[in-house]
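Notebook open, model on screen. I'm jotting down what I look up as I go.

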Amino acid sequence: HMPGIDGLQLQEGLIEAGVRAPIIFLTSAVDPEVRKRALAKGAAAFLGKPFQGGELLAQLDGALGPAGV
């Protein structure tokens with residue numbers, strides 16, 4: 001939990017600040033509308049908990065490039 005801000009607000013703030021780092025949402029409260037909005041604004045991935053470690057690694061590879069490259 002992030003006091004006073006949610007993930008979409010953080011994403012918007014980063015976009016407004018010109019930060020272009022890939023964002024991967026990890027959440028226990030999967031809401032299809034929030035997922036849709038996050039991905040529409042450029043999130044690299046949106047994973048609901050629990051998730052498999054391999055799934056997270058695959059998303060990281062997709063967002064950052066394969067490890068060791």
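I started at the tail of α1, where G18 follows the helix with a positive phi, near 85°. Worth keeping in mind from here on: this is a predicted model.

Then I went to the other end of α1. D6 sits in the segment before the helix and caps its N-terminal end, with a side-chain oxygen 3.1 Å from the backbone nitrogen of L8. I also found the backbone nitrogen of Q9 at 2.7 Å from a polar atom of the D6 side chain. I checked exposure too: D6 is partly exposed, at 39% relative accessibility.

Next entry, α2. I wanted to know which residue caps the N-terminal end of this helix. It turned out to be D31, which places a side-chain oxygen 2.8 Å from the backbone nitrogen of E33. The helix itself covers residues 32-40. Just after α2 I noted G42, with a positive phi of about 105°.

So what does K41 pair with in a salt bridge? I found E12 as the partner, and the closest N and O atoms are 2.5 Å apart. K41 lies in the loop between α2 and β2 (45-48) while E12 belongs to helix α1 (residues 7-16), so the pair ties together parts that are 29 residues apart in sequence. Neither end is hidden away: K41 is partly exposed with a relative accessible area of 43%, and E12 is partly exposed at 25%. I looked for others, but the salt bridge count comes to 1.

Back to α1 for two of its residues. Is Q11 buried or exposed? Q11 is buried, with a relative accessible area of 2%, and buried here means under 20%. I listed what Q11 touches, leaving aside neighbours within four places in sequence: I23, F25, A38, K41, G42 and A43. Two names on that list were already in my notes: K41 from the salt bridge with E12, and G42 from the positive phi just after α2.

L10 is also in helix α1, but I logged this one as partly exposed, at 38% relative accessibility. Not counting residues up to four places away in sequence, L10 touches M2 and I5. I also took a distance across the model: the C-alpha atoms of L10 and P66 are separated by 26 Å, with their positions 56 residues apart along the chain.

Last, I zoomed out. How many helices and strands are there? I count 3 helices and 2 strands, and reading along the sequence gives α-β-α-β-α. The C-alpha trace spans about 35 × 30 × 20 Å along its principal axes.

For the surface, I wrote down about 5000 Å² accessible, with 58% of that belonging to carbon and sulfur atoms. Of the 69 residues, 13% are buried, and Q11 is one of the buried ones.

On contacts, I took the pairs at least 6 apart in sequence and found that 31% of them join residues at least 24 apart.

On charge, there are 6 positive and 7 negative charges, and their mean positions are 3 Å apart.

Note on methods
Residues numbered from 1 in each chain as written. Predicted model: local features only at pLDDT ≥ 70, side-chain atom pairs only at ≥ 80, totals over all residues. Heavy atoms only, no water. Polar contact = N/O pair within 3.5 Å; in protein donor to acceptor, adjacent residues only side chain to side chain. Helix = DSSP H or I, 4+ residues; strand = E, 2+ residues; numbered from the N terminus. Buried < 20%, exposed > 50% of the residue type's maximum accessible area, 1.4 Å probe, protein only. Contact = heavy atoms within 4.5 Å. Areas by Shrake-Rupley, 256 points an atom, 1.4 Å probe, with all protein chains shown as cover. Lys, Arg positive; Asp, Glu negative; His and termini not counted. Charge placed at Lys NZ, Arg CZ, Asp CG, Glu CD. Salt bridge = Lys/Arg side-chain N within 4 Å of Asp/Glu carboxyl O.
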